Amino acid sequence: MGLNHDVVGQPGEPLRKSWDSKDALLYAIGVGAGLGDPLKELEFTTENSEGLEQKVLPTYGVLVSQAPASHDLGDFDRALLVHAEQSVELHRPLPVEGSVSATATVAGIYDKGSGALAVTEYQAVDAGTGEPLVTARSGVFIRGEGGFGGDRGPSQPWPRPDRDPDHTVTLETRPEQALLYRLSGDRNPLHVDPKFAARGGFDRPILHGLCTYGVTGRALLHALCGSDPARFQSMYGRFSRPVWPGDTLTVSIWETGDGGALFQTTRPDGQVVIDRGRFQSR
(Lines give C-alpha, C1' and ligand atoms only; values in the text may rest on other atoms or scores of the structure.)
Protein backbone atom coordinates (compact mmCIF):
# COMPACT_ATOMS: atom_id res chain seq x y z
CA MET A 1 0.00 0.00 0.00
CA GLY A 2 2.74 2.51 0.86
CA LEU A 3 2.12 5.84 2.54
CA ASN A 4 -1.31 7.38 2.92
CA HIS A 5 -0.87 10.94 1.60
CA ASP A 6 -4.55 11.73 2.15
CA VAL A 7 -3.85 12.13 5.88
CA VAL A 8 -2.00 15.44 5.30
CA GLY A 9 -3.87 18.42 6.67
CA GLN A 10 -6.56 16.39 8.42
CA PRO A 11 -6.61 17.01 12.20
CA GLY A 12 -7.19 14.05 14.47
CA GLU A 13 -9.80 13.92 17.19
CA PRO A 14 -8.82 15.79 20.37
CA LEU A 15 -7.40 13.52 23.05
CA ARG A 16 -7.71 14.39 26.73
CA LYS A 17 -4.50 13.62 28.59
CA SER A 18 -3.69 13.97 32.27
CA TRP A 19 -0.53 13.65 34.33
CA ASP A 20 0.45 13.98 37.95
CA SER A 21 3.52 14.49 40.12
CA LYS A 22 4.65 10.86 39.76
CA ASP A 23 4.53 11.03 35.95
CA ALA A 24 6.71 14.16 35.95
CA LEU A 25 9.20 12.56 38.36
CA LEU A 26 9.40 9.37 36.28
CA TYR A 27 10.05 11.38 33.12
CA ALA A 28 12.86 13.31 34.84
CA ILE A 29 14.58 10.09 35.93
CA GLY A 30 13.97 8.68 32.44
CA VAL A 31 16.02 11.46 30.84
CA GLY A 32 18.83 11.13 33.37
CA ALA A 33 18.02 13.75 36.00
CA GLY A 34 19.96 13.02 39.19
CA LEU A 35 22.38 10.62 37.50
CA GLY A 36 25.87 11.00 38.94
CA ASP A 37 24.70 13.37 41.69
CA PRO A 38 21.24 12.51 43.08
CA LEU A 39 21.18 15.75 45.09
CA LYS A 40 21.73 18.07 42.10
CA GLU A 41 18.25 18.22 40.47
CA LEU A 42 15.95 17.56 43.41
CA GLU A 43 13.32 20.07 42.23
CA PHE A 44 12.73 17.78 39.23
CA THR A 45 13.25 14.37 40.88
CA THR A 46 11.48 14.77 44.23
CA GLU A 47 8.23 16.27 45.50
CA ASN A 48 9.03 16.55 49.22
CA SER A 49 12.51 18.05 49.58
CA GLU A 50 12.50 20.75 52.24
CA GLY A 51 12.69 24.26 50.80
CA LEU A 52 12.16 23.08 47.20
CA GLU A 53 9.01 23.15 45.08
CA GLN A 54 8.64 20.39 42.50
CA LYS A 55 9.07 21.54 38.90
CA VAL A 56 8.60 19.83 35.54
CA LEU A 57 11.30 19.51 32.89
CA PRO A 58 10.16 21.54 29.85
CA THR A 59 10.80 18.74 27.34
CA TYR A 60 8.06 16.73 29.04
CA GLY A 61 5.82 19.00 26.96
CA VAL A 62 6.57 16.79 23.94
CA LEU A 63 4.87 13.86 25.66
CA VAL A 64 2.01 16.00 27.01
CA SER A 65 1.14 17.16 23.49
CA GLN A 66 1.23 13.81 21.70
CA ALA A 67 -2.05 12.61 20.17
CA PRO A 68 -3.10 10.32 17.30
CA ALA A 69 -3.42 11.71 13.79
CA SER A 70 -6.70 11.41 11.87
CA HIS A 71 -5.57 8.26 10.02
CA ASP A 72 -2.61 5.90 9.95
CA LEU A 73 0.38 6.97 7.85
CA GLY A 74 0.04 3.82 5.77
CA ASP A 75 1.38 0.30 5.33
CA PHE A 76 5.14 0.03 5.84
CA ASP A 77 7.65 -1.79 8.06
CA ARG A 78 7.72 0.10 11.38
CA ALA A 79 11.28 -1.12 11.94
CA LEU A 80 12.33 1.21 9.09
CA LEU A 81 10.91 4.30 10.82
CA VAL A 82 13.20 6.52 12.88
CA HIS A 83 12.63 9.82 14.66
CA ALA A 84 14.20 12.52 12.46
CA GLU A 85 13.50 15.88 14.11
CA GLN A 86 11.64 17.44 17.02
CA SER A 87 10.62 20.88 18.23
CA VAL A 88 8.72 21.99 21.30
CA GLU A 89 7.43 25.41 22.36
CA LEU A 90 6.14 26.05 25.88
CA HIS A 91 3.54 28.81 26.08
CA ARG A 92 3.82 28.67 29.87
CA PRO A 93 5.57 26.36 32.33
CA LEU A 94 4.12 22.88 32.70
CA PRO A 95 2.24 22.35 35.96
CA VAL A 96 3.18 19.44 38.20
CA GLU A 97 -0.23 17.94 37.49
CA GLY A 98 -2.75 18.87 34.83
CA SER A 99 -5.02 17.90 31.97
CA VAL A 100 -4.88 18.97 28.34
CA SER A 101 -6.81 18.51 25.15
CA ALA A 102 -4.23 17.48 22.52
CA THR A 103 -4.67 17.32 18.75
CA ALA A 104 -2.37 16.17 15.96
CA THR A 105 -2.26 17.15 12.30
CA VAL A 106 0.11 15.68 9.70
CA ALA A 107 1.58 18.86 8.24
CA GLY A 108 3.35 17.22 5.32
CA ILE A 109 4.90 14.09 3.81
CA TYR A 110 8.09 15.01 1.99
CA ASP A 111 10.13 13.10 -0.59
CA LYS A 112 13.73 12.73 0.52
CA GLY A 113 14.70 10.24 -2.19
CA SER A 114 15.86 7.31 -0.07
CA GLY A 115 12.87 7.74 2.21
CA ALA A 116 9.96 9.95 3.23
CA LEU A 117 9.81 12.54 5.98
CA ALA A 118 6.40 12.78 7.67
CA VAL A 119 5.96 15.88 9.84
CA THR A 120 3.17 16.12 12.43
CA GLU A 121 2.18 19.20 14.43
CA TYR A 122 0.74 18.81 17.93
CA GLN A 123 -1.26 21.34 19.93
CA ALA A 124 -2.05 20.95 23.63
CA VAL A 125 -4.40 23.34 25.41
CA ASP A 126 -5.52 23.39 29.02
CA ALA A 127 -8.52 21.07 29.21
CA GLY A 128 -10.39 23.44 31.51
CA THR A 129 -9.62 26.88 30.10
CA GLY A 130 -8.54 26.22 26.52
CA GLU A 131 -5.36 28.23 27.14
CA PRO A 132 -2.45 27.11 24.89
CA LEU A 133 0.18 25.14 26.76
CA VAL A 134 2.42 23.33 24.23
CA THR A 135 3.03 23.39 20.48
CA ALA A 136 5.27 20.62 19.13
CA ARG A 137 6.36 19.35 15.72
CA SER A 138 7.75 15.89 15.13
CA GLY A 139 9.31 14.45 11.98
CA VAL A 140 9.81 10.75 11.29
CA PHE A 141 11.95 9.36 8.47
CA ILE A 142 10.65 6.19 6.79
CA ARG A 143 13.35 4.42 4.81
CA GLY A 144 12.37 3.07 1.40
CA GLU A 145 9.22 5.21 1.08
CA GLY A 146 10.71 8.09 -0.94
CA GLY A 147 10.96 8.54 -4.67
CA PHE A 148 7.29 9.38 -5.19
CA GLY A 149 8.04 12.73 -6.86
CA GLY A 150 6.88 14.94 -4.02
CA ASP A 151 8.19 18.16 -2.50
CA ARG A 152 11.45 17.78 -0.54
CA GLY A 153 10.09 20.09 2.16
CA PRO A 154 11.36 23.31 3.74
CA SER A 155 14.98 23.75 4.77
CA GLN A 156 16.37 26.36 7.16
CA PRO A 157 20.08 27.26 7.03
CA TRP A 158 22.09 26.40 10.13
CA PRO A 159 25.59 27.91 10.14
CA ARG A 160 27.80 26.30 12.80
CA PRO A 161 29.59 29.16 14.57
CA ASP A 162 33.29 29.43 13.76
CA ARG A 163 34.35 29.72 17.40
CA ASP A 164 34.48 27.71 20.58
CA PRO A 165 31.13 27.03 22.28
CA ASP A 166 30.03 29.39 25.04
CA HIS A 167 28.96 26.35 27.09
CA THR A 168 29.93 22.69 26.95
CA VAL A 169 27.82 20.36 29.10
CA THR A 170 28.57 16.63 29.42
CA LEU A 171 25.87 14.35 30.79
CA GLU A 172 25.75 10.59 31.29
CA THR A 173 23.08 8.08 30.36
CA ARG A 174 22.52 4.74 32.09
CA PRO A 175 23.00 1.35 30.37
CA GLU A 176 19.34 0.71 31.31
CA GLN A 177 18.19 4.22 30.26
CA ALA A 178 15.80 2.95 27.58
CA LEU A 179 14.11 0.65 30.11
CA LEU A 180 13.43 3.68 32.31
CA TYR A 181 12.41 6.09 29.56
CA ARG A 182 9.89 3.70 27.97
CA LEU A 183 7.83 3.81 31.19
CA SER A 184 6.81 7.36 30.21
CA GLY A 185 4.87 5.91 27.29
CA ASP A 186 7.08 5.08 24.30
CA ARG A 187 7.05 1.28 24.12
CA ASN A 188 8.63 1.04 20.64
CA PRO A 189 10.48 -2.32 20.65
CA LEU A 190 13.32 -0.73 18.64
CA HIS A 191 14.69 0.43 21.99
CA VAL A 192 14.56 -2.85 23.91
CA ASP A 193 14.11 -5.81 21.53
CA PRO A 194 17.35 -6.99 19.83
CA LYS A 195 15.48 -8.83 17.06
CA PHE A 196 13.32 -5.81 16.22
CA ALA A 197 16.41 -3.56 16.28
CA ALA A 198 18.18 -5.94 13.88
CA ARG A 199 15.32 -5.56 11.38
CA GLY A 200 16.02 -1.83 11.46
CA GLY A 201 19.72 -2.39 10.74
CA PHE A 202 21.04 -1.95 14.30
CA ASP A 203 23.22 -4.50 16.08
CA ARG A 204 21.48 -3.71 19.38
CA PRO A 205 18.59 -1.58 20.64
CA ILE A 206 19.18 2.16 20.44
CA LEU A 207 18.14 4.88 22.88
CA HIS A 208 14.89 6.73 22.21
CA GLY A 209 15.51 9.92 20.25
CA LEU A 210 13.24 11.76 22.65
CA CYS A 211 15.34 10.54 25.57
CA THR A 212 18.44 12.05 23.96
CA TYR A 213 16.32 15.15 23.32
CA GLY A 214 15.34 15.29 27.00
CA VAL A 215 18.96 14.91 28.16
CA THR A 216 19.92 17.74 25.80
CA GLY A 217 17.01 19.84 27.08
CA ARG A 218 18.33 19.46 30.63
CA ALA A 219 21.72 20.80 29.51
CA LEU A 220 20.09 23.81 27.83
CA LEU A 221 17.82 24.46 30.82
CA HIS A 222 20.70 24.53 33.29
CA ALA A 223 23.19 26.39 31.08
CA LEU A 224 20.89 29.03 29.58
CA CYS A 225 17.89 29.35 31.92
CA GLY A 226 19.46 29.13 35.36
CA SER A 227 17.52 25.84 35.79
CA ASP A 228 14.23 27.81 35.72
CA PRO A 229 11.60 26.16 33.45
CA ALA A 230 9.70 29.46 33.20
CA ARG A 231 12.58 30.82 31.08
CA PHE A 232 12.59 27.86 28.63
CA GLN A 233 10.61 28.86 25.53
CA SER A 234 11.46 26.60 22.58
CA MET A 235 13.88 23.97 21.33
CA TYR A 236 14.48 22.28 17.96
CA GLY A 237 16.88 19.55 16.94
CA ARG A 238 17.49 17.07 14.13
CA PHE A 239 18.40 13.48 15.03
CA SER A 240 21.42 12.60 12.90
CA ARG A 241 22.86 9.39 14.41
CA PRO A 242 21.79 6.78 16.95
CA VAL A 243 22.70 6.83 20.63
CA TRP A 244 23.19 3.68 22.68
CA PRO A 245 22.10 3.45 26.31
CA GLY A 246 25.12 4.17 28.48
CA ASP A 247 26.63 6.72 26.08
CA THR A 248 27.92 9.98 27.55
CA LEU A 249 26.49 12.96 25.69
CA THR A 250 28.16 16.34 25.24
CA VAL A 251 26.08 19.40 24.38
CA SER A 252 27.95 22.30 22.76
CA ILE A 253 26.08 25.61 22.99
CA TRP A 254 26.69 28.89 21.16
CA GLU A 255 24.73 31.89 22.41
CA THR A 256 23.38 34.13 19.61
CA GLY A 257 21.90 37.00 21.64
CA ASP A 258 18.38 37.91 22.78
CA GLY A 259 18.09 34.61 24.63
CA GLY A 260 18.78 32.52 21.53
CA ALA A 261 21.35 29.78 21.04
CA LEU A 262 22.55 27.13 18.60
CA PHE A 263 23.59 23.69 19.82
CA GLN A 264 24.85 20.24 18.86
CA THR A 265 24.88 17.02 20.88
CA THR A 266 27.67 14.49 20.34
CA ARG A 267 28.53 10.92 21.36
CA PRO A 268 31.85 9.99 23.01
CA ASP A 269 33.34 9.28 19.53
CA GLY A 270 32.59 12.88 18.49
CA GLN A 271 29.76 11.94 16.12
CA VAL A 272 26.89 14.45 16.16
CA VAL A 273 23.62 12.85 17.30
CA ILE A 274 21.44 15.98 17.50
CA ASP A 275 22.31 18.52 14.83
CA ARG A 276 21.12 21.96 13.71
CA GLY A 277 19.86 22.71 17.20
CA ARG A 278 18.08 25.97 17.95
CA PHE A 279 17.01 27.21 21.37
CA GLN A 280 15.14 30.25 22.63
CA SER A 281 14.76 31.41 26.22
CA ARG A 282 12.53 34.06 27.70
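The following exercises, each with a worked solution, concern a predicted model.

**Exercise 1. The sheet**

Determine the order in which the ten strands form the open sheet, and identify the strands that stand at its edges.

*Solution.*
Step 1. Reading across the open sheet, the order is β2-β5-β6-β7-β4-β9-β12-β11-β10-β8, with antiparallel pairing.
Step 2. The edge positions belong to β2 (15–19) and β8 (167–171); each has a single partner strand, so one side of each is left without a neighbour in the sheet.
Step 3. From one strand to the next, the twist averages 25°.

**Exercise 2. One strand pair and the helix on the sheet**

Describe how β11 and β12 pair, and state which strands helix α6 touches.

*Solution.*
Step 1. Six bridges join strand β11 (residues 260–266) to strand β12 (residues 272–281) in the antiparallel sense.
Step 2. Within this pair, Leu-262 is placed opposite Arg-278 of β12.
Step 3. Helix α6 (residues 209–224) packs on the sheet and touches β4 (81–90), β8, β9 (232–239), β10 (249–257), β11 and β12. The direction of α6 makes about 140° with that of β9.

**Exercise 3. Salt bridges**

For the pairs Asp-77 with Arg-199, Arg-92 with Glu-131 and Asp-203 with Arg-204, give the N-to-O distance, and classify the accessibility of each partner.

*Solution.*
Step 1. The principle is that side chains of opposite charge can pair when their charged atoms come close. The structure contains nine salt bridges.
Step 2. In the salt bridge between Asp-77 and Arg-199, the closest N and O atoms are 2.6 Å apart. Asp-77 lies in the loop between β3 (74–75) and β4, and Arg-199 in helix α5 (residues 194–199); the pair thus links distant parts of the chain, 122 residues apart.
Step 3. The limits needed here are under 20% for buried and over 50% for exposed, with partly exposed in between. Asp-77 is partly exposed because its relative accessibility is 30%, and Arg-199, at 48%, is likewise partly exposed.
Step 4. Arg-92 and Glu-131 form a salt bridge with closest N and O atoms 3.3 Å apart. Arg-92 belongs to the loop between β4 and β5 (98–111), and Glu-131 to the loop between β6 (115–126) and β7 (132–143), so this pair ties together parts 39 residues apart in sequence. Arg-92 has 23% relative accessibility and counts as partly exposed; Glu-131, at 38%, also counts as partly exposed.
Step 5. Asp-203 and Arg-204 meet through their side chains at 3.9 Å, N to O. Asp-203 is exposed because its relative accessibility is 68%, whereas Arg-204, at 42%, is partly exposed.
Step 6. Through shared partners, salt bridges join Arg-92, Asp-126 and Glu-131 into one network.

**Exercise 4. The interior**

Decide whether Ser-252 is buried or exposed, and describe the largest nonpolar core.

*Solution.*
Step 1. Ser-252 is located in strand β10. Ser-252 counts as buried because its relative accessibility is 14%.
Step 2. Beyond four places in sequence, Ser-252 touches Pro-165, His-167, Leu-262, Phe-263 and Gln-264.
Step 3. The largest nonpolar core comprises 51 residues, and those with the most contacts inside it are Tyr-60, Met-235, Ile-253, Phe-263 and Phe-279. Helix α6 supplies the largest share of this core, eight residues.
Step 4. Among the contacts of Met-235 beyond four places in sequence are Tyr-213, Leu-220, Phe-263, Arg-278 and Phe-279.
Step 5. Another core, of ten residues, lies apart from the largest one and includes Val-7, Phe-76, Ile-109 and Ile-142.

Notes. Residues numbered from 1 in each chain as written. Predicted model: local features only at pLDDT ≥ 70, side-chain atom pairs only at ≥ 80, totals over all residues. Heavy atoms only, no water. Pairing = 2+ DSSP bridges. Helix = DSSP H or I, 4+ residues; strand = E, 2+ residues; numbered from the N terminus. Axes fitted to C-alpha atoms, helices over the stretch in contact; angles between N-to-C directions. Contact = heavy atoms within 4.5 Å. Salt bridge = Lys/Arg side-chain N within 4 Å of Asp/Glu carboxyl O. Buried < 20%, exposed > 50% of the residue type's maximum accessible area, 1.4 Å probe, protein only. Core = buried A, V, L, I, M, F, W, Y, C linked by side-chain atoms within 4.5 Å.
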